[in-house]
Amino acid sequence: MAHTYSHLYNIPATGLRFFTVYGPMGRPDMAYYQFTNKFFVGESIKIYNNGNFENDLYRDFTYIDDIVEGLVRLIKIPSIESVPHRIFNIGNNNPQKLMVFIKYLERALSKSLGKEVEFEKDFEPIKSGD
């Protein structure tokens, strides 16, 4: 839609896609917050794709300072296309397996709490579209 308006009305448009941004003041709907909160209230976490390690789901975690740096760099780049429309993916290009991420989170919580932490996991089939 933005591309169409850009083309029809010669309105510059830039789309930015961020990938699993984390850091200070992070969003409470992110997996690491949700998983941690579920642990403290005694609820299980849902793992889609049945926790299949061979075909594990991946997430590309990007620190907020890296997003800001990417934005600062992009501001300086003028559009050279005849239709002033662009899309940029901003991530760290190092996707991590979800199950490995969960293990790291369990270890970090274990260290912080001084006791072993293991999330109760509900394995479910992969959701449509993933």
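## Helix α2 and what follows

Gly42 has a positive phi of about 75° and sits just after α2. The model described here is predicted.

Helix α2 spans residues 31–40. Its buried residues are Tyr32, Phe35 and Thr36. Viewed down the axis of α2, these buried residues fall within an arc of 95°, so they line one face of the helix. Their cover includes β2 (21–22), β3 and α4.

## Largest pocket

The largest pocket holds about 450 Å³ of space. Its lining has 19 residues, and those closest to the centre are Ala31, Gln34, Phe35, Tyr48 and Arg59. Phe35 thus appears twice: it is among the buried residues of α2, and it is among the residues closest to the pocket centre.

Three elements each supply at least two lining residues: α2, β3 (45–47) and α4 (98–113). Helix α2 gives the most, with four residues. By class, the lining of the largest pocket divides into 10 nonpolar, three polar and six charged residues.

## Second largest pocket

The second largest pocket has a volume of about 210 Å³. Its lining consists of Tyr22, Tyr32, Phe61, Gln96, Phe101, Tyr104, Leu105 and Ala108. Here α4 gives the most, with four residues. Seven of the lining residues are nonpolar and one is polar. None is charged.

Helix α2 has a part in this pocket as well. Tyr32 lines the second largest pocket and is one of the buried residues of α2. Helix α4 also recurs: it supplies at least two residues to the lining of the largest pocket, gives the most to that of the second largest, and helps to cover the buried residues of α2.

## Helix α3

Helix α3 covers residues 64–75, 12 residues in total. From first C-alpha to last it reaches 17 Å, close to the 16 Å expected at 1.5 Å a residue.

Ile67, Gly70 and Leu74 are the buried positions to note in α3. They cover an arc of only 60° around the axis, which puts them on the same side of α3. The buried residues pack against four strands: β1 (13–18), β2, β5 (62–63) and β6 (85–90). The face turned away from this buried side carries the exposed residues Arg73 and Ile75. Strand β2 is thus a shared neighbour: the buried residues of α3 pack against β2, and β2 is among the elements that cover the buried residues of α2.

## Positive phi outside glycine

Most residues other than glycine have a negative phi. Which residue has a phi near 55°? Asn10 does, and the value is positive in a residue other than glycine. Asn10 is placed in the loop between α1 (2–9) and β1. Its relative accessibility is 55%, so Asn10 counts as exposed, the cut-off being over 50%.

Met25 is another case. Its phi is positive, at about 60°, although Met25 is not a glycine. Met25 lies in the loop between β2 and α2. Is Met25 buried or exposed? With a relative accessible area of 83%, Met25 is exposed.

Methods. Residues are numbered from 1 along each chain as its sequence is written. This is a predicted model: local features need pLDDT of at least 70, side-chain atom pairs count only at pLDDT 80 or more; totals for chains, interfaces and linings use all residues. Side-chain values use heavy atoms; hydrogens and water are left out. On a 1 Å grid over the protein atoms alone, a cavity is a set of points where a 1.4 Å probe fits but cannot get out, and a pocket is an open set with protein on both sides within 12 Å along at least five of seven lines; lining residues have an atom within 4 Å of a point. Grid points are joined across faces, edges and corners, and a volume is the space filled by probe spheres set on the points. Ala, Val, Leu, Ile, Met, Phe, Trp, Tyr, Cys and Pro count as nonpolar, Asp, Glu, Lys and Arg as charged, and the others, Gly among them, as polar. Buried means under 20% relative accessible area, exposed over 50%, partly exposed in between (1.4 Å probe, protein chains only). The arc is that of the directions from the helix axis to the C-beta atoms. Contact means heavy atoms within 4.5 Å. The expected span of a helix is 1.5 Å times one less than its number of residues.
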